Amino acid sequence: MPSPDPQHPDRPHPPQWAGPLKLHLSLLIILLLLTVALPLIWMAYQRGQAAAEMAAHEKMQLLTERTGDRFRIVFGDAVPLVAMAALSEAFADPPPADLAAKTRLLVKGLASSSHLDGLYTGYGDGSFIHAVSLDNDKTWRQLLSAPKDAAFALRIISRTSAEASAASVWRFLGSNGEMLAELAPTDAAYDPRRRPWYRQALATPGTVSVGPYVTATTRALALTLAERHHSGKDAVAGADILLTTVGRFLDDEKVSPRGRAFVLDSAGDLVIHSDPALMEKLLLLQARKRRTGTDDPNIHDATVVAARAALPATDGPFAFTAAGETYLGQMAAIRFSPLLAGNRLVVMAPLSDFTAANDQLLRRGLVVSGLLLASGIIIAILIARLITRSLSALTDEAVHLSDFEFDQPASGRTYIREINSLADALGAARDAIRSFALYVPRELVRKIVTSRGDAQSGAARQEVTVLFTDIRDFTTISERHSPEAVVAMLSTYFELMNKGVERHNGAIIQFLGDSVFAMWNAPVNDPDHADNACRAALDLAAALRDFNTRQRAEGKPEFVTRFGLHSGPAVVGSVGAERRLVYTAMGDTVNVASRLEGINKEFGTTILASRAVKDRCEKRFVFRPLGFHQAKGRTEKVELFELVAAK
């Protein structure tokens with residue numbers, strides 16, 4: 001609540017935040033725009049975020065399903081080939097037995113699958129037959145310096161006797177399995193009996209998986225499927241599956257520009273990663289494990305470590321934070337084959353990859369909102385100016401009215417009914433005050449208006465200077481002229497008198513027939529009230545001489561006017577009934593001034609002043625002493641002085 005005005009307890013002060021109407025209107029419109037625009041933008045952003053996350057999870061789930069299918073295809077190619085070799089009689093005995101049949105089966109198996117690094121069979125005597133595709137893995141072609149038209153390479157390790165050393169021979173075959181070239185035999189450094197896949201297959205019935213590990217020759221990351229021959233002999237058929245093919249698939253099919261996917265084995269170790277650089281690190285890790293038997297945790301990617309720690313217990317989406325960035329993830333267990341039991345596929349990507357478009361949309365929305373807000377501000381200012389222009393005009397009119405400037409033109413009409421009503425009310429108030437000022441002293445009206453009624457609080461004693469005037473022989477003038485002519489002449493005369501009094505800070509209190517009752521130091525305080533009254537009397541006397549000159553020229557009677565001046569205390573204020581007041585001054589000072597005006601005709605003077613006026617003004621005006629005179633109705637004589645001129 002605003003605090004009350006101590007001078008007017010019933011009228012509160014305006015609040016501290018009071019300001020121009022156009023400012024409040026502009027702020028209100030801007031707040032309305034913000035209230036509407038910002039929630040809509042935020043809701044759209046939230047919906048966009050939710051939609052982006054949902055789309056991300058759907059893409060990740062789709063990728064896990066497709067990757068699972070990819071695993072199924074890769075393993076679907078290898079498992080039947082290994083089982084077929086384990087069932088074929090041609091692979092029961094070591095080479096060179098049934099070498100042609102072995103070669104045909106191995107070449108056809110490789111030709112049917114692009115995911116295999118090689119098909120082979122190892123034997124208990126150390127013999128080994130191994131077929132590789134020169135097109136599936138270009139490393140073989142480079143290592144063996146194979147002919148350009150060769151499609152397959154066949155390695156045969158055989159022993160002529162138990163004591164003889166094993167010899168290794170490489171043959172290059174065409175796309176139909178025909179032999180194109182053969183390398184010279186060399187001592188075989190490779191012994192299948194020492195390999196984990198051979199030992200595990202002999203010890204475990206059915207197909208086994210071994211790895212991942214780095215292949216001995218091409219140094220590729222591979223997983224081996226192996227199975228013992230059904231004859232019960234120490235023959236084991238196997239196939240190397242290139243895990244890099246799955247990694248390339250994951251890299252090609254990534255869900256976002258920075259999306260990654262990887263596979264964890266049953267122990268939680270990283271097996272496959274879509275990042276080729278990280279796959280190279282995995283090769284180094286497997287090589288180090290092979291040499292030292294230890295793992296190096298520093299080789300793992302930080303996002304993999306964070307994702308592995310946040311994996312859910314069951315298949316589904318999850319989220320985690322790595323390096324201060326939020327990631328979305330999807331996990332799916334690989335269940336299509338017992339050989340991969342416990343392996344889990346994980347797809348992940350930074351959340352910002354999916355929300356970047358939504359963030360850009362938000363930024364665009366903010367820019368558009370900013371432009372709309374700027375436009376709204378401009379429109380708000382224009383609307384506020386249109387509304388406040390008329391109000392400002394009314395305010396200026398009210399200010400001029402408070403200064404009693406009634407000549408200002410009225411404000412124009414607007415399209416707002418309330419403002420037009422206010423303009424009409426202000427015009428009515430202006431006319432009322434202007435009419436009011438015609439009947440009572442203008443300064444009194446100003447005081448009543450500006451003091452909001454305090455001028456009606458009663459009368460009070462104060463020092464004033466009073467001037468009375470009267471026209472000589474006015475009764476005779478009235479008899480010789482019509483009332484209309486008398487009123488017309490008096491109106492011109494009173495206008496002259498009023499201007500002269502107001503020009504010297506005085507106020508005409510009453511027109512008494514042809515007489516004028518003027519006063520200084522009330523209703524407006526004037527410390528030089530006696531001096532101003534003397535100047536006004538002298539100026540009026542001079543102005544009346546010019547007035548009478550015009551009157552004579554027009555054949556009209558002269559208004560010979562006498563003046564009486566006196567200073568002293570009087571009771572000044574609003575006097576009268578409760579519903580009818582008059583502003584006046586009462587007391588001996590008023591009576592003396594009135595008597596001095598009448599005494600002029602006895603001395604033939606124009607302006608008579610009392611000792612009180614003379615004492616206050618003798619330094620600035622010339623007075624001629626006339627002695628003491630008995631005023632009518634007074635017991636004491638009054639000392640008279642004629643006001644002659646200003647010094």
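Is Phe128 buried or exposed? Select this residue first, bearing in mind throughout the tour that the model on the screen is a predicted one. Phe128 is buried, because its relative accessible area is 1% and the cut-off for a buried residue is under 20%.

**Aromatic pairs**

Keep Phe128 selected and add Tyr120, since the two rings form an aromatic pair of the tilted kind, with 5.6 Å from centre to centre and 45° between the planes. Tyr120 counts as buried as well, its relative accessibility being 3%. For a pair with another geometry, move to Phe318 and Phe320, whose rings are stacked, with the centres 5.9 Å apart and 20° between the planes. Both members of this second pair, Phe318 and Phe320, are buried.

These two pairs belong to a total of 15 aromatic pairs in the structure. To see how pairs can join into a group, select Phe474, Tyr493, Phe494, Phe511, Phe547 and Phe559 together, which ring pairs link into a cluster. A ring can also have a charged side chain over its face: display Arg155 with Tyr190, and you will find Arg155 over the face of the Tyr190 ring, at 5.2 Å from the ring centre.

**Strand β10 and its neighbours**

Next, select residues 260-264, which make up strand β10. Of the 5 residues in this strand, 4 are buried, so β10 is largely enclosed by the rest of the structure. Which strands are joined to β10 by bridges? One is strand β14, residues 344-350, which runs antiparallel to β10 and is joined to it by 5 bridges. Another is strand β11, residues 270-273, again antiparallel, with 3 bridges to β10.

Val263 is a useful residue to label here, for it stands opposite Leu345 in β14 and also opposite Ile272 in β11. Follow the chain from β10 to β11 and you pass through a hairpin with 5 residues between the strands, where Gly268 takes a positive phi near 85°.

**Helix α13 and what follows**

Now select residues 529-553, which form helix α13. The expected span of its 25 residues, at 1.5 Å a residue, is 36 Å, and because the C-alpha atoms at its ends are 36 Å apart, the model agrees with that expectation. Just beyond the helix, look for Gly555, which follows α13 and has a positive phi near 75°.

While you are in this part of the chain, show the side chains of Arg552 and Glu558, which form a salt bridge whose closest N and O atoms are 3.0 Å apart. Arg552 is partly exposed, with a relative accessible area of 46%, and Glu558 is likewise partly exposed, at 31%.

**More salt bridges**

The structure contains 18 salt bridges by count, and a few of them make good further stops. Select Glu182 and Arg171, where the closest N and O atoms of the salt bridge are 2.7 Å apart. This pair links distant parts of the chain, 11 residues apart, with Glu182 in strand β5 (residues 179-182) and Arg171 in strand β4 (residues 167-173). Glu182 is partly exposed, with a relative accessible area of 42%, and Arg171 is also partly exposed, at 25%.

From there, go to Arg562 and Asp470, whose side chains meet in a salt bridge with an N to O distance of 3.7 Å. Here too the pair links distant parts of the chain, since Arg562 lies in strand β18 (residues 561-577) and Asp470 in strand β15 (residues 459-471), 92 residues apart. Are the two partners buried or exposed? Arg562 is buried, with a relative accessible area of 9%, and Asp470 is buried too, at 15%.

**A network around Asp191**

For the last stop, select Asp191, Arg193 and Arg194, which are linked in a network of salt bridges. Asp191 is found in a loop, the one between β6 (186-187) and α4 (196-203). Although it sits in a loop, Asp191 is buried, with a relative accessible area of 11%. Show its side chain together with that of Arg193, and you will see the polar contact between the two side chains, at 3.0 Å.

Definitions and conventions: Residues numbered from 1 in each chain as written. Predicted model: local features only at pLDDT ≥ 70, side-chain atom pairs only at ≥ 80, totals over all residues. Heavy atoms only, no water. Buried < 20%, exposed > 50% of the residue type's maximum accessible area, 1.4 Å probe, protein only. Helix = DSSP H or I, 4+ residues; strand = E, 2+ residues; numbered from the N terminus. Pairing = 2+ DSSP bridges. Phe/Tyr/Trp six-rings, centres within 6.5 Å; stacked < 30°, edge-to-face > 60°. Lys NZ or Arg CZ within 6 Å of the ring centre and 35° of its normal. Expected span 1.5 Å × (residues − 1). Salt bridge = Lys/Arg side-chain N within 4 Å of Asp/Glu carboxyl O. Polar contact = N/O pair within 3.5 Å; in protein donor to acceptor, adjacent residues only side chain to side chain.
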